[in-house]
Each structure stands twice: as structure tokens, then as C-alpha cells.
Amino acid sequence: MRYNEVMKLYNTLTKQKEEFYTVKPGVVQMYSCGPTVYYTAHIGNLRAYVCGDILKKTLRFNGYQIEDVMNITDVGHLVGDGDIGEDKVETTARKMGVHPLEIAKKFTDIFMHDIERLNIKPAKHIVPATHCIEEMIALVQTLEEKGCTYRTSDGIYFDASTFPNYFQLSKGNLAGNIGGARVALGEKRNVNDFALWKFVGPNTIQKWDSPWGVGCPGWHIECSAISMKYLPLPFDIHTGGVDHIPIHHTNEITQSETATGKKMCNFWFHNEFMKIDGGKMSKSLGNVYSLQDIIDKGYDPMHLRLLFLQTTYRTVLNFTFDALDAARENYRNIVNALRRHRTATAKTDPKVIADLRQSFTDAISNDLNTPVALAVLHQTLKQPDSADIYRLVTEEFDQVLSLSLATAANTEVQTETIPDEITKLAEQRLAAKKARDWATADQLRAAITAAGYQINDTPTSYTLTKN
Ligand code: AMP
Ligand code: ZN
């Protein structure tokens, strides 16, 4: 393996690209904030986990072993900002008339299935917050002993003014800390104070005894307690989306460093957000897509993964279906080129292979520059047909890209010819949709389905497949 390859990684803590190092030689100890399991993760959430996966696969490619931990937030994440409102999992459970753990299990299972379909390698330790309540209570007790907490009528709070370095992560990364800015202070002493333990009423199902009264943990304490349980401090990398910088991760650092007197983590890795059609995803706009929605529209999870890799993790990604169509086309071109290399008997000069490997390694090791790595992939595929190229791409590059390239190149091409009369019906339906004649469009869809074909809409056109 290539252990000790120089790798550069942007560190939110220092606000610069740094040469990567680890505490334990050759081993990366890493913590990732996992999903809050009260809904099906949308493709924006999934982008966060693909970015984390590329990071881990690049580290492995460079010869590191990974010891990784991810939490599952099944309690503690409240609906409102600033420690107000009900628990998200509990609220969904109430609406659906089931136990919160049933909700958590359902959405954890969907999440695990989705990450598998996106070739994301799960962390070695996946830890639901409800499994570590004892550790969280012990941590809050430590903070209490250090004189950094106070009690209000609704819980135990951390007094952020006791931690002098409170803005170390958010400063210069966002417009200052906005913790609690939009909510009334209530009984909180300072705007940045946050709940460590919340008291709950008799109707709350997920609750535990504690030295302070019956309640449930705050959201941030779970990540401090779980990371400390599995990893010695300081560990090497902590990951999550940029939205976590000003509050969640800031509060994690505050708790862990106050409790232990040690630095929590050396590298803070944050992926930028994904937008849809240039704006926010929102239920009211009907543009919150899950992976299953994307599959139902006729795409493969690898088309979405490739779309993600076409942009660096630190750039806002604008999702459109046109861009996904282009990624699908790109994927097909890659696979078709690989098929030619696979069956070739010619060899490639080992020096050419070594140079291409080096260019690929340089690209991904430079703060995970996946667009440049993909450009190297295309340059590689343009070489004269050779089994050496096939092996370089499928056995080496794809360790990082994880686009299932060998599987796709070994799958026989489905030459599916769509009869002219079906294409005609689909064209008539597209015209009817453009004229907003929904009744005719529905009749035409029914005719296409009855003939044994499936039509899937894209924003500007359609795709047809045989059932
Ligand atoms: P949550 O389940 O809300 O805790 O979010 C799971 C992960 O998805 C977190 O790391 C978030 O930062 C990340 N995330 C949420 N929305 C987006 C988005 N639109 N684009 C990229 N990452 C996101
Ligand atoms: Zn977290």
C-alpha cells in the first residue's frame, strides 16, 4: 500500500488546507455525525455521507487503517432551534401512533439500505444514542462538578461563557455563532448556552431517570459521549455538514474539552450543502427527493454517486435532473469504454500506468479533488484498449470512487429496442403534458403501461423501459 502518501485536507478548525497527520501512526480515528432517524434521508443528507465515504476511501487508498464511529440520533434532537420544542423522533411516533423506537428502527433500516445502495461503507461502530444514556449522564455529572452547568425549570444547561474558546470552530467560517439567536433567551443565561439534559412530561415515552430528574439527553451531549466512549481524545477527524459548524459541533467541542481538558479532535471535515434547482429543498416545493425517488425515476444509485463526485465536497452542489441525466450519460460512457479495455489483449507501458496512478493519487490526496480524479479517469480510458487500463481503473481507482465499475462493465448490455408505436405514444404524452392536458397524458400513460412499458418523467422529457 501507499502509506505515507502526503495528503492535504481542509480543516475547519484552522481554516486552511493542512498536511494530514494522525495521532496513532497509520491509523485514522474518526467520528461522523449520523442521521436523525425520524424521516427518510434525502439526497442532500446522502451527499454528506458520500463525502465522508470518499474521505475514508482516500485514506484507505493511501494506506491508513480506519477506526470509525457513527451515531444514530434516535433521541434528543428537538424540533425547534435553541433547545425548544419536542423531540423529532417522538413527534413523528406520536403522529403515526407507534413507539419512538419503531420509528427509529424503520428509518435506520432505510438509511442503512440507502447507504449500501450508494456503496458507502458503514462505520465499524454504529451507535444509537439510546444505547449510551448512562455515559451521557456521567458526562453531564462531570461538567456539573466542574461548575459549568446550571438548572432551569426545563433542564440542565451548559454555561457557554465558562468556555473561553467557544467560537474557535465557527469564527471565520460562518458569520459568527448564531446559536439561539432566533429564539427568546427564556431562563437561559447567555444566548449560546445549550441543554445537556431536558426534563420531560408524563406523555413523553423516551425518558430516563437521572440525578436531576426524569428526562432525556440534549442532542450535542450524545456525540461527545459516544465519541469519547469509542475513541481516545484527541481523535483525528470529525465529519458532518456545514450546518453543524456553529451550534452542534461547537457545543460538542465545548463539552468534550471542558470535561477532559484535552483537545477533542485535530481535523474537522465539513461538506457543503446541496441545493435543488438553485434553491432550498422543501416539502412545500415538493423537491425533497429520497434515493428511492431517484431510482423510481429510472436512475441507478451510481448515477447519483457520480453526480456527487463531479463537484468537490467543499462546493455547493446544485442538483437538477438535467445534471443527473448528464451524470447518467457520463457513467454509460465510462462503462462502455471499460468494456472495450476489458476484452483487449494489448498491454500498456508500465510507466504510463504508473503516471496515471500518480495523477489520480495526487488529485484525491489534494483535499479529495474528485473532479480532477474523474478527469484523470477519462484521460486513462482514452488510452489504447488494454487490459492493464481495465485493471487500473476497476481495481485501483474504483477503490476510492466506488462506482461499481467492474460489475457494470461485466454486465451484458441490455439492448432494449422500444417499438416505434410506443415512442409515438410517449411523444404524444409529452406534447399533452406541455399543453397541460393532464387527462390525455394520463390516458396515454395507461396505454403505454398496458402495452408492457414503463414511462418515467424527467423534468424536460421521459425515459421508456420494458417491464
Ligand atoms: P440530520 O439527519 O438532519 O442530522 O442530517 C444528516 C446529515 O446531512 C448532517 O451531516 C447534515 O449536515 C447533512 N445535510 C443536511 N441537509 C443537507 C443538504 N441539503 N446538503 C448536504 N448535506 C446536508
Ligand atoms: Zn453529532
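Visitor: Taking donors to be N, O and S atoms within 2.8 Å of the metal, how are the donor residues of the zinc ion (ligand 2) spaced in sequence?

Guide: In this predicted model, the spacing is C-x189-C-x24-H-x3-E. The pair C33 and C223 links distant parts of the chain, 190 residues apart. C33 lies in the loop between β3 and α1, while C223 belongs to helix α5 (residues 219–230).

Visitor: Which atoms are the protein donors of that zinc ion?

Guide: They are SG of C33, SG of C223, NE2 of H248 and OE of E252, at 2.0 to 2.8 Å from the zinc ion (ligand 2).

Visitor: And are C33 and C223 buried or exposed?

Guide: Both C33 and C223 are buried.

Visitor: Is the site of the zinc ion regular or irregular?

Guide: The site is irregular, with angles among the 4 donor atoms running from 75 to 131°. A tetrahedral assignment would require all angles to lie between 85 and 135 degrees, so the value of 75° rules it out. For reference, the ideal angle for four tetrahedral donors is 109.5 degrees.

Visitor: Turning to the sheet, in what order do the strands come?

Guide: The open sheet has 5 strands in the order β5-β4-β3-β10-β11, with parallel pairing. Its edge strands, β5 (125–128) and β11 (265–271), each pair on one side only. From one strand to the next, the twist averages 20°.

Visitor: How many bridges join β3 to β4?

Guide: There are 6 bridges between β3 (residues 27–32) and β4 (residues 65–72), and these strands run parallel. Within this pairing, Q29 of β3 stands opposite E67 in β4.

Visitor: What about β4 and β5, in which sense do they pair?

Guide: They pair in the parallel sense, over 4 bridges. Here M70 stands opposite I126 in β5.

Visitor: Why is β4 described as largely enclosed?

Guide: Of its 8 residues, 6 are buried, so β4 is largely enclosed by the rest of the structure.

Visitor: Where does helix α1 lie?

Guide: Helix α1 (residues 43–61) lies across β3, β4, β10 (235–241) and β11, at about 175° to β3.

Visitor: Then what unit do β3, α1 and β4 make?

Guide: Together they make a right-handed β-α-β unit. The loop between β3 and α1 is also where the zinc donor residue C33 is found.

Methods:
Residues numbered from 1 in each chain as written. Chains lettered and ligands numbered in written order. Predicted model: local features only at pLDDT ≥ 70, side-chain atom pairs only at ≥ 80, totals over all residues. Heavy atoms only, no water. Pairing = 2+ DSSP bridges. Helix = DSSP H or I, 4+ residues; strand = E, 2+ residues; numbered from the N terminus. Axes fitted to C-alpha atoms, helices over the stretch in contact; angles between N-to-C directions. Contact = heavy atoms within 4.5 Å. Donors = N, O, S within 2.8 Å, 3.2 Å for Na, K, Ca; no water. Tetrahedral: all angles 85-135°; square planar, octahedral: opposite > 155°, others 65-115°. Buried < 20%, exposed > 50% of the residue type's maximum accessible area, 1.4 Å probe, protein only. Right-handed = clockwise from strand over helix to strand, strands pointing away.
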